[in-house]
Amino acid sequence: MGRTAETNRTSEHEASSRHVTRRATVPALEAVLGRAFPVLDHGFVRVVDYLGDDAAIVQAARVSYGRGTKSVSNDRGLIRYLLRHAHTTPFEMCEIKFHVKLPIFVARQWVRHRTASVNEMSGRYSILDREFYSPQPAVLGVQDASARQGRGKALPGPQARRILSILKRDATTAYAHYGEFLGPRGTEQPLARELARIGLPVSFYTQWYWKIDLHNLLHFIALRLTGHAQFEIRAYAQAMAAIVKRWVPLAWEAFDDYRMSAVRLSRVEAGVVRALLRGGDARALAAQLSARERDELAAALGIDLNRLA
């Protein structure tokens, strides 16, 4: 995993800053505070700071000055109730700040989530590292036939190797030109950094600090952990999910039960399920569903609905 000297200095400074605090802390998260979790080939996610814990969610919901209820089981029950019934503001009482290193094209997807504060490194002031994302051959897929965005099965080996070679050559050439613009030979003057960067492809890495509350972070993870999300941003969501499990285990358990592992049904889909449970004929209702809806319902329930088509 590539990391710049500046990033290392920042990590060491933050790790060496120790303060006595009276605020709530989470030992499992404290243990990894400042640690870089590798993502992709040169990227990472690390926690810079956080505010709140499971008890803070309970405290906010009860509007009390104490630590919430007297037992973890009661806290767990309340958190599950809040998440199940979409009472979101108590989860907004918890916040977390990440330092993320990611390819530029992933960052451009990421910023569509506008419920966070973000400060990205600037190519106008800093010289960008010579680090670009090179996919593994197994994740180079063909265009998905059923989706306008997304990839299907992996490309044949020879084609994948040829594409990777082209991507590497183009990125290497682009960075060489970038370096030439910044430090020209002879009597030429350097090009302004804000212009020198414009020829770099979106495979190059950028970095940012990203601060978000727990409610919106869980929404981000829910969207970016699904199989419909692009592989590269899904890898970052997986790293963040592992961190959230450490931070707020009761909230994560409820989130997994009621959001990630739950099955949502439309009115017609619920009618199909009721008919099946009663041993009735669900064909008329199933006929109202598209082929994709029937396939998704069948996958969610683990049954064969083809006979109802």
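In this predicted model, strands E2 and E3 pair through seven bridges and run antiparallel to each other. One of the residue pairs across this pairing is Val47 with Phe98, the latter sitting in E3. On its other flank, E2 (residues 43-51) meets E1, again in the antiparallel sense, but here with three bridges. Pro38 is found opposite Phe44 of E2. The hairpin that links E1 and E2 has three residues between the strands, and Leu40 in that hairpin adopts a positive phi near 60°. As for burial, seven of the nine residues of E2 are buried, so the strand is largely enclosed by the rest of the structure.

Zooming out, these strands belong to an open sheet of five, ordered E1-E2-E3-E7-E4, with antiparallel pairing. The edges are taken by E1 (37-39) and E4 (117-120); each has a single partner strand, so one side of each is left without a neighbour in the sheet. From one strand to the next, the twist averages 25°.

Two helices pack on this sheet. Helix H8 (residues 214-224) touches strand E3 (95-103) and strand E7 (205-213), and its direction makes about 130° with that of E7. H9, for its part, touches E1, E2, E3 and E7, with a direction at about 155° to that of E3.

Then there is the question of what fills the interior. The largest nonpolar core counts 53 residues, and those with the most contacts inside it are Ile96, Phe98, Trp110, Leu214, Leu217, Met240 and Trp247. Helix H9 (residues 231-247) supplies the largest share of this core, 10 residues. Phe98 gives a good view of how the pieces come together: setting aside residues up to four places away in sequence, Phe98 touches Val45, Arg46, Val47 and Val48, along with Trp208, Tyr209, Trp210, Leu217, Met240 and Ile243. A second core, separate from that one, has 11 residues, among them Phe132, Tyr175, Tyr178 and Ala196.

A further set of contacts centres on Gln109, a residue of helix H5 (residues 104-110). Neighbours within four places in sequence aside, Gln109 is in contact with Arg224, Gln230 and Ile233. With Gln230 there is a side-chain to side-chain polar contact of 2.8 Å. As for Ile233, its C-alpha atom lies 8.0 Å from that of Gln109, although the two residues are 124 residues apart along the chain.

Terms used. Residues numbered from 1 in each chain as written. Predicted model: local features only at pLDDT ≥ 70, side-chain atom pairs only at ≥ 80, totals over all residues. Heavy atoms only, no water. Core = buried A, V, L, I, M, F, W, Y, C linked by side-chain atoms within 4.5 Å. Buried < 20%, exposed > 50% of the residue type's maximum accessible area, 1.4 Å probe, protein only. Helix = DSSP H or I, 4+ residues; strand = E, 2+ residues; numbered from the N terminus. Contact = heavy atoms within 4.5 Å. Polar contact = N/O pair within 3.5 Å; in protein donor to acceptor, adjacent residues only side chain to side chain. Pairing = 2+ DSSP bridges. Axes fitted to C-alpha atoms, helices over the stretch in contact; angles between N-to-C directions.
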